[in-house]
Amino acid sequence: MKRSIPLYLSIPCKAIENHSCIEALQAAAELGVSRMWLDVQNQEDITRIEEISHTLPLGVVAVIDDSSLIDDVLRMGVSGIAVQPFCVEELLRHRDELIEQGSSVYLCMRGVGGRSFETFFSLLNEVALRYEKLKRAGIQNLFVHISHPDPVILFNASKMMKERFGTHHLISQKQSRGREKNLLRNSLILGSLFYEGIGEALLLQPSSGESDSEKEVGDAITLAKKVLGSCKLFPRGYTIISCPTCGRCRMDLLKMTVAIDRKLKALEERYNRQGKQLEDIGGIAVAVMGCNVNGPGEARNADIGIAGKKNKTGILFKNGKPFKTLPEGKLVDELIAHTEAIIDCKFESSRC
Ligand code: SF4
């Protein structure tokens, strides 16, 4: 069965009073985020959430360190509650409310980065036992959330827990400065985890202190969708499959791919403005390949594609078949024109 990963967004509790933050949350909801993750430290934060809960467009997961707040947090009817794993007894006292409200429980392992390898892994076993205890008590929407600065340890810890104890995991995506660095780091960590089938939800954590900015939130969501979409875990409007190039490539493939990406994005936005979502027609796959030795395979499997040829020309493939050969300078525009025709045709047949 096709999996789709829900997206959550981490927001500082104080920020929800800002008008700009509410706008950022509304934009996030439209882009597919379903819950916000709020650090609730005291009664003041609870009052803050209660006062504006009617304007919040997303479900609330309350992250609490102080287990005496569990009562009040549950009274607000939150979608989820994130606590230290050692609050299990307090959670069990609220078993009936948790089950009745269908609230998720996240057991968060934070601040474990400095521990020795042995201590950390025995801690994982402890957490797994508590997870099991809650599950046996009938609390089903359970997740472990491990924060660790070392991606290799994070990967192995999550894999071990999943394999040995069958735990469900909330994975987090951290934003750091630099678009390239972000993309590489998150593709590596998230891609490895999701490829192994680890992760039932993804928490987006925009750069600290700016998570109420619409741009910051938008960047985090775009990145997450790109990574998840590539793992087929989030519906994507369009996907570009491109080769890394080698000595066989005679075209400027990188420049061509960047131009195609830009034009497809503009095309998708135009459809969105007409109220049409490319995800509703299963998305569009576009292959941009450097040569006609290995390129035709990918180009045939995509909706539309290019495979480079000698003398700075390329073959255009459409619906699995070679279509025409064009000089390099004409390939991009021709590919976009035919992509548009394919999209229109898909929308048309989806109406029948
Ligand atoms: Fe090289 Fe052709 Fe493969 Fe691209 S598709 S990496 S140009 S062999």
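Is D65 buried or exposed? Keep that in mind as we walk through this predicted model; we will reach D65 at a later stop.

**Start with the domains.** Colour residues 7–230 as domain 1 and 238–350 as domain 2, following the domain assignment. Their C-alpha centres lie 37 Å apart.

**Next, select helix α2, residues 43–52.** Its buried residues are D45, I46, R48, I49 and I52. They sit on the same side of α2, because they span an arc of only 160° around the axis. Now turn to the face pointing away from that buried side, where you will find the exposed residues E44 and E51. To see what covers the buried residues, show the neighbours: α1 (19–30), β2 (33–39) and α3 (70–75) are among them.

**Stay on α2 and show the side chains of D45 and R48.** They meet in a salt bridge, at 2.6 Å from N to O. The two are 3 residues apart in the helix, about one helical turn. D45 is buried at 6% relative accessible area, and R48 is buried too, at 10%.

**Now select R110 and D65.** Here is another salt bridge, with the closest N and O atoms 3.0 Å apart. R110 is in the loop between β5 (104–109) and α6 (117–136), and D65 is in the loop between β3 (59–63) and α3, so the pair ties together parts 45 residues apart in sequence. As for the opening question, D65 is exposed, at 52% relative accessibility, while R110 is partly exposed at 33%. Add D39 to the selection: salt bridges with shared partners join D39, D65 and R110 into one network.

**Last stop: R95 and D96.** Their side chains form a salt bridge at 2.7 Å, N to O, and R95 is partly exposed, at 33%. The whole structure holds 17 salt bridges.

Note on methods
Residues are numbered from 1 along each chain as its sequence is written. This is a predicted model: local features need pLDDT of at least 70, side-chain atom pairs count only at pLDDT 80 or more; totals for chains, interfaces and linings use all residues. Side-chain values use heavy atoms; hydrogens and water are left out. Domain bounds come from an automatic or database domain assignment. Buried means under 20% relative accessible area, exposed over 50%, partly exposed in between (1.4 Å probe, protein chains only). Helices (H or I, at least four residues) and strands (E, at least two) are DSSP runs, numbered from the N terminus. The arc is that of the directions from the helix axis to the C-beta atoms. Contact means heavy atoms within 4.5 Å. A salt bridge is a side-chain nitrogen of Lys or Arg within 4 Å of a carboxyl oxygen of Asp or Glu.
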